[in-house]
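Reader: Hi! I'm in my first year and still getting used to looking at folds. Could you take me through one part of this protein slowly, and show me how that part fits into the rest?

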Amino acid sequence: MSEASGSGSNGSIPILAVDAMGGDHGPTEVVAGVRLALKNHASAIRVILVGDKHALERHLDEAGLRQNDRIEIVHASEVIGMDEKPIAALKHKKDSSMVRAIELVKDGRAHAVLSLGNTGALMAGGTLRLRPMQGISRPALATVIPSRGHRWVLIDSGANPDADPLHLLHNALLGKEYAECALGMKEPRVGLLSIGTEEGKGSEKILATHDLLKNAGGVLNYSGPVEGFQLFSNEVDVVVCDGFTGNILLKTLESCFDMLKDFLKDELMENPVRKAGAFLSQGAFNAIKRELNPEEHGGAPLLGLNHLVIKAHGSSKRGHVAGAIRVAGEALHHNVTGAIRADLDKLASMAPKAGN
């Protein structure tokens, strides 16, 4: 393979290194997800599958992909487990599928890396080997949240739990660029998650961040503080918070959605009359499922590094994997890292005003 250059935004087909072994289902769902992604976006991306060569060849044969010239295999003999300590795993498992995938990006053979594996190891490995951009001290995870007729970006959803006001300013910038790339928004509305919208309400960190965001008007379309009940009312497109708050919010939303889904299913199956009503309402249920489908954005990018890192949930099935590959391809085609660098330069030129 020729060496990858840039981010795939110069007309070349971007190359994605995929840690094929790290998820709960191993390479089975990863290869199936690759098949879906290439079928739906055949000309958009090339894939390097990293993992046990013999296992991957077998799965590619079963999927009818063995001779596909958009897929390559790089062998890795080890796997980082979900319960392993990140730094120790990176140090002692240098031939793991995750480390090898990250190294492919570092060495210029791929433009981005996707993993379903150990989140801490991926964030640590990506940060240590691919390095944060100049001007960004800590990267952040961006997650697209579906709602009725509107999708919005939550940032940070778990990378940096101890963010200070400057980190949160950078999160706003990263989230803004990702909303433009992933959701096609122009000048997305940025909101700061707080306990009230009135001036002077919130912690010292929130108040200091609010001032920084207000003074970054040349880079951000800042709408002000937002409360939890505003998140699904289409008032903002990017919700900024620290990784501690964001991860709690994300997992709460996921568990609430699962609870409501199971509760509704149980109640509708309670008796024949309800079952008949459920059958008659099937069209409405399918529309809701399409609207809230999380597979379309099956991966969360770790933004703020010199190269793109995509994290998918460990339990992801093929649809989520295909969605994560699509997310990576769009981010590379739109050169989201280049857009972030341009915003950082603009923010730096406003340093006295923005407080940077």
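Author: Sure, let's look closely at strand β5 and then step outward from there.

A word on the ground rules before we start. This is a predicted model, where local features need pLDDT of at least 70, side-chain atom pairs count only at pLDDT 80 or more, and totals for chains, interfaces and linings use all residues. Residues are numbered from 1 along each chain as its sequence is written, and side-chain values use heavy atoms, with hydrogens and water left out.

The chain has 13 helices and eleven strands. Those names refer to DSSP runs, numbered from the N terminus: helices are H or I with at least four residues, and strands are E with at least two. The eleven strands make an open sheet with mixed pairing, in the order β3-β2-β1-β4-β11-β10-β5-β6-β9-β7-β8. Two strands count as paired if DSSP finds at least two bridges between them. At the edges stand β3 (71–75) and β8 (221–226), each with a single partner strand, so one side of each has no neighbour in the sheet. From one strand to the next, the twist averages 25 degrees.

Now for β5 itself, residues 140–147. Eight of its eight residues are buried, and buried here means under 20% relative accessible area (exposed is over 50%, partly exposed is in between, with a 1.4 Å probe and protein chains only). Here's a handy bit of background: in a regular strand the side chains alternate between the two faces of the sheet. In β5, A140, A142, V144 and P146 are on one side, while L141, T143, I145 and S147 are on the other, and all of them are buried.

What about the partners of β5? Strands of a sheet pair through backbone hydrogen bonds, either parallel or antiparallel. With β10, the pairing of β5 is antiparallel over two bridges, and A140 sits opposite L303 in β10. With β6 (residues 150–155), β5 is again antiparallel, over six bridges. In that pair, P146 faces R151 in β6. The hairpin of β5 and β6 has two residues between the strands, and there G149 takes a positive phi near 70 degrees.

A helix comes in here too. Helix α5 (residues 119–130) packs on the sheet and touches β5, along with β4 (112–115), β10 (299–303) and β11 (308–312). A contact is heavy atoms within 4.5 Å. The direction of α5 makes about 180 degrees with that of β11; axes are lines fitted to C-alpha atoms, for helices over the stretch in contact, and angles run from 0 to 180 degrees between N-to-C directions.

For contrast, look at a parallel pair elsewhere in the sheet: β1 (residues 15–19) and β2 (residues 46–51) run parallel and are joined by five bridges. There, L16 is opposite V47 in β2. The loop between β1 and α1 (27–40) holds G26, which counts as buried because its relative accessibility is 15%. Leaving out residues up to four places away in sequence, G26 touches A20 and M21. The C-alpha atoms of G26 and G117 are 9.5 Å apart, though 91 residues separate them along the chain.

Finally, zoom out to the whole chain. Of its 356 residues, 50% count as buried. Among contacts with a separation of 6 or more, 74% come from residues 24 or more positions apart.
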